[in-house]
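Reader: Could you walk me through this one, feature by feature? I'd like the general idea and then the case at hand.

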Amino acid sequence: MATSRKVTLLSSDGESFEVEQSVAVESITIKDSIEEGSAGNPIPVPKVNSKILAKVIEYCKKHVESAKAEDRVDDEDLVAWDADFVKVDQATLFDLIRAANFLNIKSLLDLTCQTVADMIKGKTPEEKRKTFTIRNDFTPEEEEEVRRENQWAFE
Amino acid sequence: MHMEISRCFPWLSRHRRKQDGFKTLPDDVVMDVLSRLEVDQLGHAKRVCRSWRALIGTAHFTRVHLQRASSVPVISPMFFDRKVGDRGFLFFPNWSSQVKKPIRGAKSPGFRYITTMCIWDLLGCCDGLLIFSAILPFSIYEIQNPVTQEEIVWEQDGSICGFFLQSLPNKYRLLSYRETPNGFLYHTGGLWPAAWKNVGMFPYRPREQETPSGVEGRLHWMVVGKEGMSTPCSHSIMVFSTRESKFCFMPHPGDSCPSSDGHSNMHLVEMKGRVYVYAIRDKLMLIWVLEDYASWHWVKKCDIDLERDFNQHPASESVTSYSDYKGMQLIDSQDGELLLFWPHRGFFRYNLRSRTITQVMLGLSRYGMMSRVVVAEFKSSLVSLKDLQ
């Protein structure tokens, strides 16, 4: 198997990234299009801009390298690396979720979704709204109804 | 075009107005994020906005959330001196010494008078719904979601021995049996409408006060024959496939039992999604795990030398003979440790590697009167009793 085959990915804003095929196929979306022979050259990645694509590639590279490593002690290091990787501003985090979902990279989707879930935990509804700039679109009556329905959560 | 503008005005992209990121995600991804929250957090999450409330309220979300949830054992202690009207309580053992809040039995307005006349038994658990039966004065049953505190009580003929989700169609079903002169007649059915369906007549029934071990759409019980007679070793475990509504009878792991009473000391237990059998033989606890159902392949997990390992503990001072270990129960397994119940003495953690034991104080005071426990695997969920229809 030719391990040093390279592919070129093209971000939505026209930037090219040359990567090892083994890294690119961390994305099932890309893997499928290569296998089906429908991938162009370069492979266009719509909806993902260069900033995010660069980060996604960084993630995939790290994970492919770690999987190859002889030294299994790297597991803890990888977890720490992942934790650092998601220390980004909220907008970027959501961009990464969308990219991971579109590109179908399960481990990255898991990591980013879990990060957001951890941000939601332990906050009152109002704090949750503030954290994510969510608009409270309940009418006062609806709000009272939901509060009553979920009374059990507050005991 | 967009590219040119952001090159000319780089500050534009840096000062992107903060917006609700969730609105940019597809529903199934928002569901992925929310399904990672604990059940009590979901109660708060429903109050955030309409779309979260709507998403969390769907049956699909409940299933996704359930799949992520890890199960914990729920324990119903049986006291030697149980009285009518004794609701008893359930608790979830926390592996550290602190006790979790005991759950009181449900209060059901329509049946309040009746329920005070009963002694309730834990029959099992499915998807976060607990099912109880009352021994006297007649057969009534209760299903409860202890998280949302929804409950339903109803009267029914026959003995319910199983409660499961039938995948096609996605409905919760009950399995019950009735004794007839020719054997035990089994039926499956729902709550409303009941629509009972005959699934076979067999010479065996599940042992009393033992919950089924349910894994991968199959329920398992140790069985006995009429009048509690022991079954042959080859037919000691009854398996019910919820997908096919079919029974089969399988042999227990290990050697055939020497006397006809041999496998009465053998028990099934479900721990962390797998089925185990444990048996007390002489002063050992032997434990097997079902590795592969299709080939009915059991693997011996370990042998615990109860006499040697429990000898150091003050609780064993009162041990006079092998029979003092006979009623020991295996409850849970976690991180290389087992949680055991020793009748009249309490709960213990057994470390498989160091073979040491630690007593777990669960804030209960009446161990001396606790003869055994009934255990079921429980997952906190938002499953609504409306889904029982």
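Author: What follows is a short tour of rings, backbone, cysteines and the interface. This is a predicted model, where local features need pLDDT of at least 70, side-chain atom pairs count only at pLDDT 80 or more, and totals for chains, interfaces and linings use all residues. Residues are numbered from 1 along each chain as its sequence is written, chains are lettered from A and ligands numbered from 1 in the order in which they are written, and side-chain values use heavy atoms, with hydrogens and water left out.

Reader: How many aromatic pairs does the structure hold over all chains?

Author: Rings of Phe, Tyr and Trp (its six-membered ring) pair if their centres lie within 6.5 Å; planes under 30 degrees apart are stacked, over 60 edge-to-face, and the rest tilted. Over all chains there are 26 such pairs. Take F202(B) and F249(B): they make a tilted pair, 5.3 Å centre to centre with 55° between the planes. F202(B) sits in strand β9 (residues 197-202) of chain B and F249(B) in strand β14 (residues 246-250) of chain B, so this pair ties together parts 47 residues apart in sequence. Those strands are DSSP runs (E, at least two residues), while helices are H or I runs of at least four, numbered from the N terminus.

Reader: Are F202(B) and F249(B) buried or exposed?

Author: Buried means under 20% relative accessible area, exposed over 50%, and partly exposed in between (1.4 Å probe, protein chains only). Both F202(B) and F249(B) are buried. For another geometry, look at W296(B) and W298(B): their ring centres are 5.5 Å apart and their planes at 80°, so that pair is edge-to-face. W296(B) and W298(B) are buried too.

Reader: Which residues do ring pairs link into a cluster?

Author: The cluster takes in F164(B), Y177(B), F184(B), Y186(B), F202(B), Y204(B), F240(B), F247(B) and F249(B).

Reader: And charges over rings?

Author: That counts if NZ of Lys or CZ of Arg is within 6 Å of the ring centre and within 35 degrees of the ring normal. K55(A) lies over the face of F85(A), 4.4 Å from the ring centre, and R218(B) over that of Y293(B), at 3.5 Å.

Reader: Where on the backbone should I check phi?

Author: Try T133(A), which has a positive phi of about 50° although it is not a glycine. T133(A) is in the loop between α7 (125-132) and α8 (140-149) of chain A, and is partly exposed at 34% relative accessibility. D335(B), also not a glycine, has a positive phi of about 50°. You'll find D335(B) in the loop between β19 (329-334) and β20 (337-342) of chain B, exposed with a relative accessible area of 73%.

Reader: How many disulfides are there over all chains?

Author: A disulfide needs two cysteine sulfur atoms within 2.5 Å, and the count here is 0. For C49(B), the closest cysteine sulfur is in C113(A), 16 Å away and too far for a bond. C49(B) is buried, at 2% relative accessible area.

Reader: What about the interface between chain A and chain B?

Author: The size of an interface is often given as the accessible area lost when the parts come together. Buried area is exactly that loss (1.4 Å probe), summed over both parts. Between chain A and chain B, about 3400 Å² is buried, with carbon and sulfur atoms giving 60%. Contact means heavy atoms within 4.5 Å, and 41 residues of chain A touch 33 residues of chain B in that sense.

Reader: How many salt bridges are there between chain A and chain B?

Author: A salt bridge is a side-chain nitrogen of Lys or Arg within 4 Å of a carboxyl oxygen of Asp or Glu. There are 4 between chain A and chain B. D110(A) forms a salt bridge with R36(B), with the closest N and O atoms 2.6 Å apart.

Terms used:
Buried area = accessible area lost by both parts, 1.4 Å probe.
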